[in-house]
Amino acid sequence: MQQKEKQGDVMWLKSVANKLLRKPVGTDALLEGANFDEFINPNEPQKDQIDTHKYKLFVSTWNVGGVLPSDDVNLEDWLDVNNKYYDIYVLGFQEIVPLNVKNVLCPERRRILARWNSLIGRTLNRSLSNLKGRKEAKAGERQKVHPVKEGSSDEGSAPDFRCIISKRMVGVQVSVWVRHDLQYHIRHPRVSRVGCGIMGCLGNKGSVSVRFWLHETSFCFVCCHLASGGKEGDELKRNSDAMEILSRTSFPGGPPLHLPQKILDHDRVILLGDLNYRISLPEATTRSLVEQKRWNMLLEKDQLKAEVTDGRVFEDWQEGAIAFCPTYKYYPNSDKYYGCMQGRKGEKRRAPAWCDRILWHGEGMKQKRYDRCESRLSDHRPVRAVFAVDVDVRRSWNSLGSFFSSERFHLPTEQSQLLMEDEHTSEGRTSIDI
């Protein structure tokens, strides 16, 4: 009996190897002589083995002004979960802690990062449960069963979401959440931090960048907080920060997989954050045009658009049309712009501006939405964008690389290191591979 079982195991291995390698393999030397490099290079799939699927990507940036959210804060409107849900959520924060000397120089407890992740996860998954409950409550309706095609979530289903990456540098944080079934197709997650703040290196300003593969397509998301200031010439400091981030951000690469190391080497790239670009008009003129909602006249003097047009920063990057009010600066818990209330002596005058932006670079992405959310938590309003993104997906399991990286051979890793670790140095880098 044992001999028959052993023979059966060998025959099964031989059958699997034959299918994977498309050639007969002897049982005595099951994998002897096989050229594995031909099969495990994830960057060189055969073109006839690739399909293109579309995924729905939600991206948002929010400067929360160092405000710790309460346990009962409502994030449903911001995450748009009452109307629909998406395949991937990329959420970037700035000033998640107050930017004082203590927080810049000294380690901060992880409770703030944990608080935000708890609220986000609870909102995404609770709302999906409510959606499922509402659908089940439609008594008497005839139920139809439709196959779910991989590549986009179905409106009638309610998958749960998992945080695959969440990293922070002082006040800058980025978190990535994906549908539970997609996490098995995420590979090579990495994080890179660049500090551009005090002395040009501390993390009160700078970026946290994350990258990963979804199936056969690489993504890179850059969450930024650039130099502040409303004086003439301060936009040049912001340009300098942006160029530093693009040049200094680096991910591990090289043999044997030859993964991209720089931001623009990736297939799909999105940059989000408090970029701090202002409007180059007198304050009184800016306020008047804001009250009249003369967006086109204001945008003609928008510093970011002017710097891009003149070729001084973000060459070949794209941004959607802006059709919403400036996102900065508000009184806390108010719809009033800072400096517009009478009788408040000594407060600084801050003209409204579109400080919070989302840009993208490369092909294979189509922006479907670009707007702001009306949360009053801080002096900024969150900005969000929705993209339809093309993703290359292997059609078959004929390569060893695809076979052993699939859900069937998914191995536990130290992915938790990509969820909670904080850093305060300028170029600390944590890299964990799934």
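User: Which residues have the most contacts inside the largest nonpolar core?

Analyst: Happy to start there; keep in mind that this is a predicted model. In general, nonpolar side chains of soluble globular proteins tend to be buried together. Here the largest such core holds 48 residues, and those with the most contacts inside it are Ile 270 and Phe 387.

User: Which strand gives the most residues to this core?

Analyst: Phe 387 is a good guide, as it has the most contacts in the core along with Ile 270. The strand covering residues 383-394 supplies six residues to the core, and no other element gives more. That strand is S11.

User: Which tryptophan does Phe 387 touch, leaving out residues up to four places away in sequence?

Analyst: The contacts of Phe 387 include Tyr 55, Leu 57 and Val 59, as well as Ile 270. Others are Ile 358, Met 365 and Lys 368. The tryptophan among its contacts is Trp 360.

User: How many residues are in the other core, the one with Val 386?

Analyst: This core lies apart from the one with Ile 270 and Phe 387. Its members include Val 81, Tyr 89, Ile 120 and Val 386. The number of residues in it is 24.

User: What is the bridge partner of Tyr 89 in S4?

Analyst: Tyr 89 is one of the residues of that other core. Strand S2, residues 88-94, pairs with S4 in the antiparallel sense over six bridges. Within S4, the partner of Tyr 89 is Trp 177.

User: How many residues of S4 are buried?

Analyst: S4 runs over residues 172-179 and pairs antiparallel with S2. S4 also pairs with S3, residues 161-169, in the antiparallel sense over eight bridges, with Arg 162 bridged to Val 178. The strand S4 is mostly covered, and its buried residues number eight of eight.

User: Which residue takes a positive phi in the hairpin of S3 and S4?

Analyst: The hairpin has two residues between its strands. One residue there has a phi near 55°. That residue is Val 170.

User: Why does Cys 196 form no disulfide with Cys 224?

Analyst: A disulfide needs two cysteine sulfurs within 2.5 Å. Cys 196 is buried, at 11% relative accessible area, and its closest cysteine sulfur is that of Cys 224. The count of disulfides is zero. Cys 196 and Cys 224 are not bonded because their sulfurs are too far apart, at 8.3 Å.

User: What share of the 434 residues is buried?

Analyst: The protein has 11 helices and 12 strands. It exposes about 21,500 Å², with carbon and sulfur atoms supplying 50% of that area. Buried residues make up 51%.

Definitions and conventions
Residues numbered from 1 in each chain as written. Predicted model: local features only at pLDDT ≥ 70, side-chain atom pairs only at ≥ 80, totals over all residues. Heavy atoms only, no water. Buried < 20%, exposed > 50% of the residue type's maximum accessible area, 1.4 Å probe, protein only. Core = buried A, V, L, I, M, F, W, Y, C linked by side-chain atoms within 4.5 Å. Helix = DSSP H or I, 4+ residues; strand = E, 2+ residues; numbered from the N terminus. Contact = heavy atoms within 4.5 Å. Areas by Shrake-Rupley, 256 points an atom, 1.4 Å probe, with all protein chains shown as cover. Pairing = 2+ DSSP bridges.
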